[in-house]
Amino acid sequence: MGIPLPPYYLTLFLLLFISFNNVGRRNLVFADDALIEAQCHNAEVPETCKKCVKSDPRSQSADKVGIAAIIITCLSNKATTLINNMTTLASGARDKNLKVALRGCEKGFYYSKTNLIAAMNRLKGKEYDRTNLLVKQALEEEFVCKMKVETLRFNFPSSVTFDMGVYEELSTAVMRIVDRFV
């Protein structure tokens, strides 16, 4: 039959249940922050790595591979930004050689995006050496772009230079993280 309880006992029980349930979640968030710290610690610029990872809601439940996947997503997004930057710069360039070089950069970043998509697939398939090779190839496109444009004595706008720097930092970070999986 059961023991009849006053309604305030049920309310008290419900509040206690919710409180204990939330305590466990708070501890999980601290564990995730510690994992992010540990994974980004060996990056050349850990702050860039942590900022990228923490900007993605998946980071709250990500393991080591998940953190690497988030960084590859950040890289892919940055490649899209750089494609758009190169398109804009090329359309405004008056010098024919500069325009050709900037269009080459645009194509290079498209190629980089393709490599980053493939790197994500390799990461999910636990093919870590192949993942790093594809990230490295995507990074090489950025270096080639800078080299070609610098030979023409063109200086990128500071916002583009910043984006390229972040692209390099994230590339290095993800390769170092994935290296530790092998």
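**Pocket and salt bridges in a predicted model**

The largest pocket in this predicted model has a volume of about 250 Å³.

Biologist: Which residues are the closest to the centre of the largest pocket?

Modeller: The lining of the largest pocket is made up of 13 residues. The closest to the centre are Thr 48, Lys 51, Lys 78, Val 166 and Leu 170.

Biologist: And which elements give two or more residues to that lining?

Modeller: Helices do this job here. The elements that reach two or more residues are helix H2 (46-54), helix H3 (64-92) and helix H6 (158-179).

Biologist: By class, how many residues of the lining are charged?

Modeller: Let's go through the classes. Five lining residues are nonpolar and four are polar. The number of charged ones is four.

Biologist: Lys 78 sits in that list, so to speak, and I'd like its partner. Which residue does the side chain of Lys 78 meet in a salt bridge?

Modeller: The contact is 3.0 Å, N to O. Lys 78 lies in helix H3 and the partner in helix H6, so the pair ties together parts that are 85 residues apart in sequence. Both residues of the pair are buried. The partner of Lys 78 is Asp 163.

Biologist: Now helix H2. How many residues apart are Lys 50 and Glu 47?

Modeller: The side chains of Lys 50 and Glu 47 meet in a salt bridge at 2.9 Å, N to O. Both residues lie in helix H2, about one turn of the helix apart. In residues, that spacing is three.

Biologist: Is Lys 50 buried or exposed?

Modeller: Buried means under 20% relative accessible area. Glu 47, the partner in the salt bridge, is exposed, with a relative accessible area of 53%. Lys 50 has 12% relative accessibility, so Lys 50 counts as buried.

Biologist: Which residue is linked with Glu 47 and Lys 50 in a network of salt bridges?

Modeller: Glu 47 and Lys 50 already share a salt bridge. The network also takes in another Glu, namely Glu 37.

Biologist: What is the N to O distance in the salt bridge of Glu 127 and Arg 122?

Modeller: Start with exposure: Glu 127 is partly exposed, with a relative accessible area of 39%. Arg 122 counts as partly exposed too, at 29% relative accessibility. A salt bridge here has to be within 4 Å. For the side chains of Glu 127 and Arg 122, the N to O distance is 3.7 Å.

Biologist: How many salt bridges does a search of the whole structure find?

Modeller: Among them are Lys 78 with Asp 163 and Glu 127 with Arg 122. For the whole structure, the search finds nine.

Terms used. Residues numbered from 1 in each chain as written. Predicted model: local features only at pLDDT ≥ 70, side-chain atom pairs only at ≥ 80, totals over all residues. Heavy atoms only, no water. 1 Å grid on protein atoms, 1.4 Å probe; cavity = no way out; pocket = protein on both sides within 12 Å on 5 of 7 lines; lining within 4 Å. Points joined across faces, edges and corners; volume = space filled by probe spheres on them. Helix = DSSP H or I, 4+ residues; strand = E, 2+ residues; numbered from the N terminus. Nonpolar A, V, L, I, M, F, W, Y, C, P; charged D, E, K, R; others polar. Buried < 20%, exposed > 50% of the residue type's maximum accessible area, 1.4 Å probe, protein only.
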